Amino acid sequence: MDRVDRILAQWRSERPDLDVGPMGTLGRMSRLFRYLREGMDKVFVEYGLSRASFDVLATLRRSGAPFALNPSTLIEWTMVTSGTMTNRIDRLVSAGLVERRRNPDDKRGFLIGLTDKGLALIEEAITAHVANQHHLTAALTEEEQQAFDRLIAKWLAAFEEDEH
């Protein structure tokens with residue numbers, strides 16, 4: 001019996017008229033998310049990064065060579081506001097991890113691209129991050145991970161459909 005089970009038992013005793021099943025699902029997910037976030041943050045900190053800076057660097061890296069995107073695409077892929085992205089970019093420019101480059105396809109625009117230092121850092125950090133993700137999911141078998149992923153994808157799709 002975990003902590004959530006104890007909370008559910010109390011509610012079932014005090015309010016037997018309520019179906020508190022979803023409370024258990026959401027409570028466990030919330031607790032699990034906290035542990036997972038803390039576990040992932042340890043790797044980011046090890047590389048001198050925040051979750052936000054890792055997100056930008058990883059997005060640029062996975063975009064492929066030349067590891068540069070226009071700000072609109074970067075905002076879309078990281079799902080943050082333009083003001084938030086501007087602050088993230090400014091910090092990463094100051095750290096020498098990204099640079100603003102003229103966009104060869106749009107002379108009025110610019111691209112945000114990884115510097116050599118930024119590319120080297122994200123190469124190391126993403127390798128450690130993926131190894132850490134394997135560690136964080138090790139309690140589940142591969143089959144369980146796949147089944148869990150299918151269920152979460154289904155659940156998430158219900159919310160994302162409402163956004164369009």
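This passage walks through some local features of a predicted model, from its annotated domain to single residues.

The UniProt record, in an unreviewed entry, lists residues 22-157 as "domain: HTH marR-type". Over this stretch, helix makes up 70% of the chain and strand 12%. The C-alpha atoms at the two ends of the stretch lie 18 Å apart.

A good place to start is ahead of that domain, at the beginning of the chain. Met1 belongs to the segment that comes before helix H1, residues 3-14. With a relative accessible area of 69%, Met1 is exposed, because this value is over the 50% cut-off. Apart from its neighbours within four places in sequence, Met1 is in contact with Arg6 and Ala9. Leu26 is 25 residues away from Met1 along the chain, and their C-alpha atoms are 16 Å apart. A little further along, the charged end of Arg34 is placed over the ring of Tyr35, at 4.8 Å from the ring centre. As for pairs of aromatic rings, the whole structure contains one.

Helix H3 comes next in this tour. It covers residues 51-62, twelve residues in total, and spans 16 Å between its first and last C-alpha atoms. That is close to the 16 Å expected at 1.5 Å a residue. Several of its residues are buried, among them Ser53, Phe54, Val56 and Leu57. Ala58, Thr59 and Leu60 are also on the list of buried residues in H3. In general, an α-helix has 3.6 residues a turn, so residues three or four places apart point the same way.

The backbone just beyond H3 deserves a careful look. Most residues other than glycine have a negative phi, and most peptide bonds are trans. Gly64, just after H3, takes a positive phi of about 85°. Ala65 and Pro66 are then joined by a cis peptide bond, with omega at about 10°. Pro66 is part of the loop between H3 and strand S1, residues 68-69. Phe67 lies in the loop between H3 and S1 too, and its phi is near 60°, a positive value in a residue other than glycine. The relative accessible area of Phe67 is 17%, so this residue counts as buried, the cut-off being under 20%.

Thr78 and Met79 sit side by side in sequence and make a helpful pair to study. Thr78 is found in helix H4, residues 71-78, while Met79 is in the loop between H4 and helix H5, residues 82-94. Thr78 is buried, because its relative accessible area is 6%. Met79, by contrast, has a relative accessibility of 73% and therefore counts as exposed. The side chain of Thr78 has a polar atom 2.7 Å from the backbone oxygen of Leu74. Beyond its neighbours within four places in sequence, Thr78 is in contact with Asp55, Thr59 and Met85. Thr59 has already appeared above as one of the buried residues of H3. Met79 has a phi near 55°, a positive value in a residue other than glycine. Its C-alpha atom is 18 Å from that of Arg91, twelve residues away along the chain.

The last stop is Thr115, in the loop between strand S3, residues 106-114, and helix H6, residues 116-136. Thr115 is buried, because its relative accessible area of 15% is under the 20% cut-off. Not counting residues up to four places away in sequence, Thr115 touches Gly96, Leu97, Val98 and Glu99.

Key: Residues are numbered from 1 along each chain as its sequence is written. This is a predicted model: local features need pLDDT of at least 70, side-chain atom pairs count only at pLDDT 80 or more; totals for chains, interfaces and linings use all residues. Side-chain values use heavy atoms; hydrogens and water are left out. Helices (H or I, at least four residues) and strands (E, at least two) are DSSP runs, numbered from the N terminus. Buried means under 20% relative accessible area, exposed over 50%, partly exposed in between (1.4 Å probe, protein chains only). A polar contact is a pair of N or O atoms within 3.5 Å; within protein, one must be able to donate a hydrogen and the other to accept it, and residues adjacent in sequence count only if both atoms are side-chain atoms. Contact means heavy atoms within 4.5 Å. The expected span of a helix is 1.5 Å times one less than its number of residues. UniProt positions are given in the numbering used here, feature names are shortened, and annotations may be inferred rather than shown by experiment. Rings of Phe, Tyr and Trp (its six-membered ring) pair if their centres lie within 6.5 Å; planes under 30 degrees apart count as stacked, over 60 as edge-to-face and the rest as tilted. A charge sits over a ring if NZ of Lys or CZ of Arg is within 6 Å of the ring centre and within 35 degrees of the ring normal.
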